[in-house]
Amino acid sequence: MTEQTPASGPVTDGPADPEHDATAAYGLDRSYVASLTRRLVSTTGGTVAVASPIGGTPLAHVPQSSPADVVEAFARARRAQASWAATSVDDRSAALLRLHDLLLDRQEELIDLVVWESGKARKDAYLEVAHLALTARYYARTAHEHLDTRRVGGMFPVLTRAEVNRVPKGVVGIISPWNYPLTMALCDGIPALLAGNAVVSKPDAQTVLTALLAAQLLEEAGFPPETWQVVAGPGPEVGGAIVANADYVCFTGSTATGRIIAQGCAERLIGCSLELGGKNPMLVLRDADVHRAAEGATRAVFSNAGQLCVSMERLFVADQVYDRFVDAFVSRTQAMTLGASHDWSVDMGSLISQAQLDTVTRHVEDAVAKGARVLTGGRHRPDLGPYVFEPTILEGVAADMECFGKETFGPVVSLYRFHSEDEAVERANHGTYGLNASVWTRDTARGRALAHRIACGTVNVNEAYGATFGSLGAPMGGMRESGLGRRQGAEGIHRYTEAQSVAVQRLVPIAPMLGMSEETHAKVMTGALRLLNKLGLP
């Protein structure tokens, strides 16, 4: 694997704690950071130091919110929500289109900040900008399709008029993760705003600045600032307050935390959508283009250093092509450029934290100790960055190894041979997760048919995850313990609305009239029902 030397300057210079040393070098201009953090609802006076995975460079001291601050954030959002809901759908859509252009115009600033906070490769940071722009444009252009009052068939033709309105929930609580700090900060909130809701957002502690910059762009695009509140603080404390005050909760993160949030929402009888963990499988069939599949596997496994909910951690390869595929996959992996920097030439960046590095290291060491073979990678690279870990391919992973069924969320993948497609599907469906899958074959009709048998919310044929994730009209989410609900498409916006049915009855009541007995009324109704059925009406 090619090495990328960390950038010079503030990436490597300066003591680690600038709060106590005036000579310390920040990676970001302090006035710039202050312009972002002023958006936080925080009265505690407490801050948390945030450092970059790039050389441990200090970035900011982020103000922390209390449960009382969360209550205040919801109060502000509720005051703004009523007037926002009264704003026309066309005006809301226009704001989204302005956001689309702002994202593209300010992409260098956004990418820089994402890389500083997450340590990911610059090309992976760009994909966040692109996906968010796609999301803004999709919902702006389809707003009327999803939100306009819809006429439905009434009980009796002509006599009954029925329609369905989409009413906003109120104030939505969004708890977003660190791995895609820009995309996840806004992509779930965009449809909530468009539907007429306000939002209280709690980004992960490691990537608050990116979420605050996203909130700034919303305001610049024309969204009333009070409709999007941001709080920061420990998940058990601040997250619990969000669940206690929201009208709906959207969460992306671990399955364990998702269970807690679901229980809290159930107690209050409010809805939630949860995108949770995955142990995603990729199937390479015997007729697959081996070199194309190897290129796809490299992206599927190592994009964002494997810190991607839909990335692949299990590769099942047909006997007939196994050896050729492995040779091509290993070769491509070893050619990757690694590093922790802002340079476009980096193929794979850093893990985000020591905790993430510890998990990846533990999974690899456990597998090797129990007999797995490392085909390439397997090492921590502190010479390239504090949390850089080599892209790692394992063979011979068995059920007694930690990485067999548990999500690693890092640049580690296990290879397995299969003899029949039935066996491959059965093994792909093993376990309790069901988020994303990938199938590689020259026969795309066969690939689509096979996808029906895989218990995952999204399945890509001849692609890793981009085909489904980038198709904004297609819902995205998990089955089984990978979550509840869907983002994107109609489901992605309807989750933030209540369906309200309104029906008007004309001329005659749905009841006996003119002295008619109940028995006679029943006979008349029966005749009418028979007639409607003969006419083929629903």
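**Figure 1. Surroundings of Ala195.** Ala195 is buried, at a relative accessible area of 4%. The structure shown is a predicted model. Ala195 belongs to the loop that links helix H8 (189–194) to E7. Setting aside residues up to four places away in sequence, the residues that Ala195 touches are Arg92, Leu147, Pro168, Ile493 and Thr497. Asp105 is 90 residues from Ala195 in sequence, and the two C-alpha atoms are 26 Å apart in space.

**Figure 2. Asp204, in the loop between strand E7 (198–202) and helix H9 (208–221)**. Outside its neighbours within four places in sequence, Asp204 makes contact with three residues that are listed here by name: Ser176, Pro177 and Trp178. Glu491 is 287 residues from Asp204 along the chain, with a C-alpha separation of 25 Å.

**Figure 3. Ala211 in helix H9**. The relative accessibility of Ala211 is 4%, so this residue counts as buried. When neighbours within four places in sequence are left aside, Ala211 is in contact with Ala185 and Pro203. Between the C-alpha atoms of Ala211 and Leu186 there are 7.8 Å, for a spacing of 25 residues along the chain.

**Figure 4. Cysteines Cys265 and Cys309.** There are zero disulfides in the structure. A disulfide is a covalent bond that joins the sulfur atoms of two cysteines. For Cys265, the closest cysteine sulfur is that of Cys272, at 4.3 Å; this is too far for a bond, since a disulfide requires the two sulfur atoms to be within 2.5 Å. Cys265 has a relative accessibility of 0% and counts as buried. For Cys309, the closest cysteine sulfur belongs to Cys187, at 9.5 Å, again too far for a bond. Cys309 is also buried, and its relative accessible area is 12%.

**Figure 5. Ala305, a residue other than glycine with positive phi**. The phi angle of Ala305 is near 55 degrees. Ala305 sits in the loop that runs between helix H12 (290–302) and strand E12 (312–318). With a relative accessibility of 1%, Ala305 counts as buried, the limit for that class being under 20%.

**Figure 6. Arg480, a residue other than glycine with positive phi**. For Arg480, phi is near 55 degrees. The loop that holds Arg480 lies between helix H18 (466–469) and strand E19 (483–484). Arg480 has a relative accessible area of 40% and is partly exposed.

**Figure 7. Ser420, in the loop between strand E16 (412–418) and helix H16 (421–428)**. Ser420 counts as partly exposed, at 32% relative accessibility. Arg286 is 134 residues from Ser420 along the chain, and their C-alpha atoms are separated by 9.4 Å.

**Figure 8. The whole protein, as context for the close-up views.** The secondary structure consists of 20 helices and 20 strands. The protein has a radius of gyration of 26 Å, close to the 24 Å given by the globule rule for 538 residues, and is therefore as compact as a globular protein of that length. The C-alpha trace spans about 90 × 60 × 40 Å along its principal axes. Buried residues make up 54% of the 538 residues. Among contacts with a separation of 6 or more, 73% are between residues 24 or more positions apart. The exposed area of the protein is about 21,700 Å², and 54% of this area is supplied by carbon and sulfur atoms. The protein carries 49 positive and 59 negative charges, and the mean positions of the two sets are 8 Å apart.

Terms used. Residues numbered from 1 in each chain as written. Predicted model: local features only at pLDDT ≥ 70, side-chain atom pairs only at ≥ 80, totals over all residues. Heavy atoms only, no water. Helix = DSSP H or I, 4+ residues; strand = E, 2+ residues; numbered from the N terminus. Rg over C-alpha atoms; globule rule 2.2 N^0.38 Å. Buried < 20%, exposed > 50% of the residue type's maximum accessible area, 1.4 Å probe, protein only. Contact = heavy atoms within 4.5 Å. Areas by Shrake-Rupley, 256 points an atom, 1.4 Å probe, with all protein chains shown as cover. Lys, Arg positive; Asp, Glu negative; His and termini not counted. Charge placed at Lys NZ, Arg CZ, Asp CG, Glu CD.
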